[in-house]
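Dear colleague,

I am handing over the structure below, and I would be glad if you kept it open while reading the notes that follow it.

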Amino acid sequence: MGENASFWESLIYAHPTCVTWKQEAEGSIYHLASILFVVGFMGGSGFFGLLYVFSLLGLGFLCSSVWAWLDVCAADIFSWNFILFVICFVQFIYVTYQVRSVSFDKEFQELYSALFQPLGISLTVYRKIVLCCDAEVVTLEKEHCYAMQGKTPIDKLSLLVSGRIRVTVDGEFLHYIFPLQFLDSPEWDSLRPTEEGIFQVTLTAETDCRYVAWRRKKLYLLFAKHRFISRLFSILIGSDIAEKLYALNDRVHVGKGFRYDIRLPNFYHTSLPETPPVPPPRRLQRRSSGRPRPGVPNCSSPRKQ
C-alpha cells in the first residue's frame, strides 16, 4: 500500500502547481477547434451521422494542429493533433466510399424509401436483404399465374413492387394484392422451415407486374445469420397477413352455411355445420299422439332409420 501511495503522490505532486495563470486568452484558432469538437460530438448514427462526426472532428484536430504549430510551438501537441486529423480524414474517406458503394437500381431504391427506410433500416442491412434475392426483379405478364391452386409448391417469399394480383380459390374471387404487399405471406407463415407445402389459392396477374422473390432456403440462412433481419421480416409478414384478412370477404354464402376465407391451409374451405334439431320435451311428445291440434305443430321427433 505504501508503494501505491508513493506512486500516486509522485504522480500528483511531482509536477509544480500553477502559481500564476495566463491573463491572455488563447487565440481564435484554439476556440474554433473547441467549438468544432463540441458540435462534432453531437452527431448521430448511421452513415451520414459518421460523416458528420468525422468531418467536424477532423477540422477540430486540424485547427488544434495549427494552434500548436503557431501559438504554442510544441512539437508533441502538434504531432498528436495532426495524427488524429489524419485518422479522421481516412475514416471520412472510408465512410464516403461505403455510402457510394451502397447503390441500388431504381425499383430497389423506391422499395427502400417506401417500406424499409420508415422503419429505420440502414442501407447496409438493406443491402444484405437485396443480395439475398440476387438484386433481381421478376416480371409477371398480364393474366399469367404466379401460383396455381394445388400445384405450385411454396418455395419462396415474394413482394409485389408494381401491378395488381388477383387471388382466387376454386374460381371464386378472394381479394387483390397491391404493391408493397407480399404475394404469399399466409403460405409462408403457415409452414415451418423444415416443412413443405403447396398453394391452396391461385394468384393471377391482372396487370403487368413486377415482384422481388427470396428463395425459401436462402432466406432462412439469412435469418440464421442476422436475427435482426429475421425479426424485421416477422413483423412485415404479420402486418401483411393482417391486411389481407381485413381485405377478404368475411363470409361467402355457400348453400345453407358460411365459408370463412383466410387463405391458410385447412381453414380456407371450412363450412359452418347446420344446427341439429332439438328434440322436444317428453311431455309434449305424449300430448302429440294422433292428429295435431289446430294451431299446434306436430313436435314428435323423427324416427331414426
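About 20600 Å² of the chain is exposed, and carbon and sulfur atoms supply 60% of that area. Please bear in mind that this is a predicted model, and that every value given here was computed from it. The chain has 305 residues, of which 33% are buried, and its secondary structure amounts to ten helices and ten strands. If one takes the contacts between residues at least 6 apart in sequence, 67% of them join residues that are at least 24 apart.

Two places in the chain may help you to find your way around, and the first is a single residue. Valine 95 lies in helix α4, which covers residues 75-101. Is this valine buried or exposed? With a relative accessibility of 3%, valine 95 counts as buried, because the cut-off for that word is under 20%. Leaving aside residues up to four places away in sequence, valine 95 touches Phe47, Leu50, Leu51 and Phe54. For one of these, leucine 50, the separation along the sequence is 45 residues, while the C-alpha to C-alpha distance in space is 7.3 Å.

The second place is helix α8, made up of residues 216-225, in which Arg216, Leu219, Leu222 and Phe223 are buried. Viewed down the axis of α8, these buried residues fall within an arc of 125 degrees, so they line one face of the helix. Lys217, Leu221, Ala224 and Lys225, by contrast, are exposed on the other side of α8. What do the buried residues of α8 pack against? Their partners are the helices α6 (123-132), α7 (185-190) and α9 (227-247), together with the strands β3 (156-162) and β7 (209-215).

Of these partners, α9 deserves a closer look. The axes of α8 and α9 are 5 Å apart, and the two helices pack at an angle of about 120 degrees, which means that α8 is oblique to α9. On the side of α8 the contact is made by Leu219, Leu222, Phe223 and Lys225, and on the side of α9 by Arg227, Ile229, Ser230 and Phe233. Sorted by character, the residues of this contact comprise five nonpolar, one polar and two charged. Leu219, Leu222 and Phe223 are thus found both among the buried residues of α8 and in its contact with α9, whereas Lys225, which also takes part in that contact, is exposed.

With kind regards

Notes
Residues are numbered from 1 along each chain as its sequence is written. This is a predicted model: local features need pLDDT of at least 70, side-chain atom pairs count only at pLDDT 80 or more; totals for chains, interfaces and linings use all residues. Side-chain values use heavy atoms; hydrogens and water are left out. Helices (H or I, at least four residues) and strands (E, at least two) are DSSP runs, numbered from the N terminus. Buried means under 20% relative accessible area, exposed over 50%, partly exposed in between (1.4 Å probe, protein chains only). Contact means heavy atoms within 4.5 Å. The arc is that of the directions from the helix axis to the C-beta atoms. Accessible areas come from the Shrake-Rupley method with a 1.4 Å probe; for residues, only the protein chains shown count as cover. Axes are lines fitted to C-alpha atoms, for helices over the stretch in contact, and angles run from 0 to 180 degrees between N-to-C directions. Angles under 35 degrees count as roughly parallel, over 145 as roughly antiparallel, 65 to 115 as roughly perpendicular and the rest as oblique. Ala, Val, Leu, Ile, Met, Phe, Trp, Tyr, Cys and Pro count as nonpolar, Asp, Glu, Lys and Arg as charged, and the others, Gly among them, as polar.
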